[in-house]
Amino acid sequence: MSVLICGSFAFDNIMVFPDKFKNHILPDKVHMLNVAFLVPELRREFGGCAGNIAYNLKLLGDNPVPMGTVGTDFAPYAEWMDAKNINRDHVHVKQGHYTAQAFITTDQDDNQITAFHPGAMNLAHETPISEAKDIKLAIIAPDGRDGMIQHAEQLKAAGIPFIFDPGQGLPMFNGDELMAFAEQASYIALNDYEAQLFMDRTGLPEEEIARHVEALIITRGAEGSYIYSEGKRIEIACQKAAQVVDPTGCGDAYRAGLLHGILHGKDWEETGRIASTLGALKIAHHGTQNHQIDAASIL
């Protein structure tokens, strides 16, 4: 049973500034901002929502089929996927483009300044869903705007249930477009900030949005998550992490747990616990694809 994962692949360039941004930004000079931060610590990680979700779903013993568009610099990432035995038949290299890149600088107060270059990700719409065969379930994660819209329409037309997971791409869509996704999707997954933005743009409360799908899942970080389904709200506790090292990618790990639970017909309470456990295991490691865990121990 294959799971189609439509979304981004990206290189995450993570830098740590050993000071506080506020000590170097003059409030009365923000109209002519010109600052430089010396960052002795730098990591380059494989990331992007499609890559992260596929990695976690593979750890659970499932068959993820990621679909995305990347640049000519993708070779190291491709080697990593091959080493992890992750299907890349539908990961297409676009000539003349870079793979999406995130440049993230974090200071001692955990404030972040991020620059994101979408690169080849914006050509996601050039790959049709019909290219992938024998798909049981899918997810639309953050990707190129046109790609997200077209893939939702194509999955609906093909009768393939999918999770709509707009993530940081949610601001690209207005209220009518978000409601179109809700009408096409079987499930919606949001964090609490995204849920508030979804409500603001559609004018609907959480309970009303949930009526359009089989389940609405809202994550709340350390406060756990809850799942609306069949008129009920199921509380999912936050699993205790061995240590809190890096929250980047925890949402993608959680969504892999959702896909696993749905794929295997588990109830929402167990599905939520699997998702929460996967997120807690990821947060104890730097990067989004560096945790090594055993599916049996998770379950």
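Asparagine 52 is buried, because its relative accessibility is 3% and the cut-off for buried is under 20%. This residue is found in helix H1, which covers residues 49–59. The model is predicted. It includes an open sheet of nine strands with mixed pairing, and it holds zero disulfides.

**Asparagine 52 and its surroundings**

- The side chain of asparagine 52 makes a polar contact of 2.7 Å with the side chain of threonine 288.
- Leaving aside neighbours within four places in sequence, asparagine 52 is in contact with Phe46, Gly47, Asp252, Thr288 and Gln289.

**The nine-stranded sheet**

- The strand order is E5-E4-E1-E8-E9-E10-E11-E12-E13.
- Strands E5 (90–93) and E13 (232–236) stand at the edges. Each has a single partner strand, so one side of each lacks a neighbour in the sheet.
- From one strand to the next, the twist averages 20°.
- Helix H3 (residues 145–158) packs on this sheet. H3 touches strands E1 (2–6), E4 (63–70), E8 (135–140) and E9 (162–164). The direction of H3 makes about 155° with that of E8.

**Two strand pairs inside the sheet**

- E11 (residues 215–219) and E12 (residues 225–229) run antiparallel, and four bridges join them.
- Leucine 216 stands opposite tyrosine 228 of E12.
- E9 and E10 pair in the parallel sense, over two bridges.
- Isoleucine 163 has tyrosine 187, in E10, as its bridge partner.
- E10 (residues 187–191) is mostly covered, with four of its five residues buried.
- In a regular strand, side chains alternate between the two faces of the sheet.

**Helix H7**

- How far apart are the end C-alpha atoms of H7? They are 20 Å apart.
- That agrees with the expected span, because 14 residues (250–263) at 1.5 Å a residue should span 20 Å.
- H7 is mostly covered: 13 of its 14 residues are buried.
- Just after H7 comes glycine 265, with a positive phi of about 70°.

**Cysteines without partners**

- The structure holds zero disulfides. Cysteine 49 is in none, and the nearest cysteine sulfur, that of cysteine 6, is 12 Å away.
- Cysteine 49 counts as buried because its relative accessibility is 17%.
- Why does cysteine 238 have no bond to cysteine 250? Their sulfurs are 9.0 Å apart, which is too far. A disulfide needs the two sulfur atoms within 2.5 Å.
- The sulfur in cysteine 250 is the closest cysteine sulfur to that of cysteine 238.
- Cysteine 238 counts as partly exposed, because its relative accessibility is 39%.

**Histidine 212**

- Where is histidine 212? This residue lies in the loop between helix H6 (206–210) and strand E11.
- Histidine 212 counts as partly exposed, because its relative accessibility is 25%.
- A polar contact of 2.7 Å joins the side chains of histidine 212 and glutamate 183.
- Not counting residues up to four places away in sequence, histidine 212 touches Met179, Ala182, Glu183, Ala185 and Leu204.
- Histidine 212 and lysine 266 are 54 residues apart in sequence. In space they are 21 Å apart, C-alpha to C-alpha.

Methods
Residues are numbered from 1 along each chain as its sequence is written. This is a predicted model: local features need pLDDT of at least 70, side-chain atom pairs count only at pLDDT 80 or more; totals for chains, interfaces and linings use all residues. Side-chain values use heavy atoms; hydrogens and water are left out. The expected span of a helix is 1.5 Å times one less than its number of residues. Buried means under 20% relative accessible area, exposed over 50%, partly exposed in between (1.4 Å probe, protein chains only). A polar contact is a pair of N or O atoms within 3.5 Å; within protein, one must be able to donate a hydrogen and the other to accept it, and residues adjacent in sequence count only if both atoms are side-chain atoms. Contact means heavy atoms within 4.5 Å. Two strands pair if DSSP finds at least two bridges between them. Axes are lines fitted to C-alpha atoms, for helices over the stretch in contact, and angles run from 0 to 180 degrees between N-to-C directions.
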